[in-house]
Amino acid sequence: MLRITAGKLANAMRGTVGVTSSRVAAVRCLHGAEESAEEFDKRYEKYFSREGIDGWEVRKGMNDLLGMDLVPSPSIIEAGLRASRRVNDIALAIRWLEGCKDKCGDQKATLYPYLLEKITPTLNELGIPTIEELGYDKPELALKSVYDA
């Protein structure tokens with residue numbers, strides 16, 4: 001009696017373990033090959049350059065990019081600015097610049113000026129002001145910190 005019960009339990013356990021490992025293997029196979037930086041840039045440039053893109057899709061692409069652990073390249077930033085200009089949304093373009101600036105993190109002093117240098121011709125061409133030109137880089141009603149005294 002004990003041998004029959006133990007055999008049934010072992011068979012049941014073997015089936016469970018086999019299914020789990022095959023599920024894990026199936027998930028790992030879905031990841032595929034890694035994408036190079038150039039392919040990544042081209043994919044997002046192509047996404048923002050689509051003819052019939054609307055405001056929602058532009059926002060989704062920008063949100064996806066800002067949710068990743070990277071700073072978008074100048075070519076992607078320019079493509080996003082052109083897309084926001086095509087949908088006639090200057091507020092979106094300014095928020096895109098602000099989000100890209102925030103993604104620079106602790107490298108803001110070196111990385112953000114480099115990005116601005118690269119995208120300035122596009123900003124001038126499209127007539128989009130920078131965050132600094134609008135005065136959004138400094139809070140309007142901020143109080144002086146008590147720790148700075």
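## Contacts and overall fold

Of the contacts that link residues at least 6 apart in sequence within the protein chain, 67% join residues at least 24 apart. The model is a predicted one. Its protein chain holds seven helices and zero strands, and the pattern read along the sequence is α-α-α-α-α-α-α.

Buried residues account for 28% of the 149 residues in the protein chain. The accessible surface of the protein chain is about 10700 Å², and carbon and sulfur atoms contribute 57% of that surface.

## Helix 4 and its cover

Helix 4 comprises 13 residues, namely residues 74–86. From its first C-alpha to its last, helix 4 reaches 18 Å, which is close to the 18 Å expected at 1.5 Å a residue.

The buried residues in helix 4 are Pro74, Ile76, Ile77, Glu78, Ala79, Gly80, Leu81, Ala83 and Ser84. The cover over these buried residues includes helix 2 and helix 3 (55–67), together with helix 5 (90–103) and helix 6 (108–126).

## Glu45 in helix 2

Glu45 lies in helix 2, which spans residues 37–48. When neighbours within four places in sequence are set aside, Glu45 is in contact with Ser75, Ile76 and Ala79. Two of these partners, Ile76 and Ala79, are among the buried residues of helix 4. Helix 2 is likewise one of the elements that cover the buried part of helix 4.

Glu45 has a relative accessible area of 26%; because this value falls between the 20% limit for buried residues and the 50% limit for exposed ones, Glu45 is classed as partly exposed. A further relation between Glu45 and helix 4 concerns Ala83, a buried residue of that helix. The C-alpha atoms of Glu45 and Ala83 are separated by 9.8 Å, although the two residues stand 38 residues apart along the chain.

## Asn88 after helix 4

Helix 4 is followed by Asn88, which is placed in the loop between helix 4 and helix 5. The phi of Asn88 is positive, at about 60°, although Asn88 is not a glycine.

The relative accessible area of Asn88 is 63%. Asn88 is therefore exposed, since that class requires a value over 50%. The loop residue Asn88 is thus exposed, whereas Glu45 in helix 2 is partly exposed and Ala79 in helix 4 is buried.

Methods:
Residues are numbered from 1 along each chain as its sequence is written. This is a predicted model: local features need pLDDT of at least 70, side-chain atom pairs count only at pLDDT 80 or more; totals for chains, interfaces and linings use all residues. Side-chain values use heavy atoms; hydrogens and water are left out. Helices (H or I, at least four residues) and strands (E, at least two) are DSSP runs, numbered from the N terminus. Buried means under 20% relative accessible area, exposed over 50%, partly exposed in between (1.4 Å probe, protein chains only). Contact means heavy atoms within 4.5 Å. The expected span of a helix is 1.5 Å times one less than its number of residues. Accessible areas come from the Shrake-Rupley method with a 1.4 Å probe; for residues, only the protein chains shown count as cover.
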